Structure formats: C-alpha cells, structure tokens
Amino acid sequence: MKNSIIHELNSAWNNNFSYRELLGVIKKHSLQKLGEGSSRMVFKLDDSTCIKIAKNKFGISQMKEECDISDKGDFDVFVKVFAYDKKYNIWSICELCSEATNADFKRILMVPFSIIEVKIEDLIYDFKESN
C-alpha cells in the first residue's frame, strides 16, 4: 500500500492536480488523521509510518528542513523520512513517532524545554524588532 500511495501522490502533484485532489488520495485510502497544526496535517499510513501534508508556505518550509536533515544522515533526535516530494516539498512519508516530551528535551539537549522555549521566544522577538 505504501508504494501505491507514493506513486499516487507523485502522480497527482506532477500532473498539476489541485491540493484538494492531493488530499483526495489520502481520503481514498481512508487514512486515519493523527493530527493537524497550523502548517501541516499528519495521517497514519501503517504501524510504523505516517504521511505529512503541508498546508501552506510554513508547512512547506518545515517539510523541506525535515527532509534535508533526514537526507544528511540517520539522527536519533530527528524523524526519519522515507520518501518525499522532492520538487515542491508538499508531502513526506516518515517514521511514526510520538511528540517529544520535556524529559526528552532534557535528556537530548541537557536543558529543560522551558529554557529552550524562552530562547526561541527571544529570537522571534529580536527578529520581529529588526524587520
């Protein structure tokens, strides 16, 4: 089924199908929606993989970064990407994993997430002030 869906996703997007038709491929296979954020949707493909679909330019940017990191190597702290839309970064097929917890951040980065969160907020504030 995985190869069939990859083929359909590539075919749909390469033949200039609409975004709605791309989501039709997901619906056709009755994939369970695992979640949706402001920029991407995630659907369960099987017990070990999921499909991510970008919803907007931010989702495309996240998808590109995630796929670029995966292409560079096998890192324990980043999701493994098995296949993706190399032309537009609209979809990817990744390992199915759970959200990182505060304990995960502390174990991997040696600091609690609350400190990272404050630093990210500072960076965003500085960026907005400079533009």
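## A walk through the strands, helices and cysteines

Strand 3 (residues 49-54) and strand 5 run antiparallel to each other and are paired over 5 bridges, where two strands are said to pair if DSSP finds at least two bridges between them. The model is a predicted one, in which local features need pLDDT of at least 70 and side-chain atom pairs count only at pLDDT 80 or more, while totals for chains, interfaces and linings use all residues. Residues are numbered from 1 along each chain as its sequence is written, and side-chain values use heavy atoms, with hydrogens and water left out. Within the pairing of strand 3 with strand 5, Thr 49 stands opposite Glu 95 of strand 5.

Strand 5 also has a partner in strand 4 (residues 81-84), and these two strands pair in the antiparallel sense over 3 bridges. In that pairing Ala 83 has Ile 93 of strand 5 as its bridge partner. Strand 4 and strand 5 together form a hairpin with 6 residues between them, and Asn 89, which lies in the turn, has a positive phi of about 60°. Strand 5 itself, residues 91-95, is mostly covered, since 4 of its 5 residues are buried; here buried means under 20% relative accessible area, exposed means over 50%, and partly exposed is in between, with a 1.4 Å probe and protein chains only.

From strand 3 we can also follow the pairing in the direction of the N terminus. Strand 2 and strand 3 are antiparallel and pair over 5 bridges, with Ala 54 in strand 3 as the bridge partner of Arg 40, and a hairpin of 4 residues joins strand 2 to strand 3. Strand 2 (residues 40-44) is in turn joined by 4 bridges to strand 1 (residues 32-36), again in the antiparallel sense. Lys 33 finds its bridge partner in Phe 43 of strand 2, and the hairpin formed by strand 1 and strand 2 has 3 residues between them.

How do these strands fit into the whole chain, and how many helices and strands does the protein have? The protein has 5 helices and 5 strands, where helices (H or I, at least four residues) and strands (E, at least two) are DSSP runs, numbered from the N terminus. Read from the N terminus on, the order of the elements is α-α-β-β-β-α-β-β-α-α. The C-alpha trace spans about 45 × 35 × 25 Å along its principal axes, and 30% of the 131 residues are buried. Of the contacts between residues at least 6 apart in sequence, 42% join residues at least 24 apart, a contact being heavy atoms within 4.5 Å.

Two residues outside the strands can now be placed. Leu 96 lies in the loop between strand 5 and helix 4 (102-109), and it counts as partly exposed because its relative accessibility is 31%. Leaving aside its neighbours within four places in sequence, Leu 96 is in contact with Leu 34, Lys 44, Asp 46, Asp 47, Ser 48, Thr 49 and Cys 50. Between the C-alpha atoms of Leu 96 and Phe 113, which are 17 residues apart along the chain, the separation is 22 Å. Lys 128 has its place in helix 5 (residues 113-130), and it counts as exposed because its relative accessible area is 60%. The C-alpha atoms of Lys 128 and Ser 61 are separated by 19 Å, although these residues are 67 residues apart along the chain.

Finally, the cysteines deserve a careful look, and the reader may ask why Cys 67 forms no bond with Cys 94. The sulfur of Cys 67 is 6.3 Å from that of Cys 94, which is its closest cysteine sulfur, so the two are too far apart for a bond. The sulfur of Cys 94 has its own closest cysteine sulfur in Cys 50, at 5.0 Å, and this distance is likewise too far for a bond. A disulfide is a pair of cysteine sulfur atoms within 2.5 Å, and by this rule the count comes to 0 disulfides. Both residues lie under cover: Cys 67 counts as buried at 0% relative accessibility, and Cys 94 is buried with a relative accessible area of 0%.
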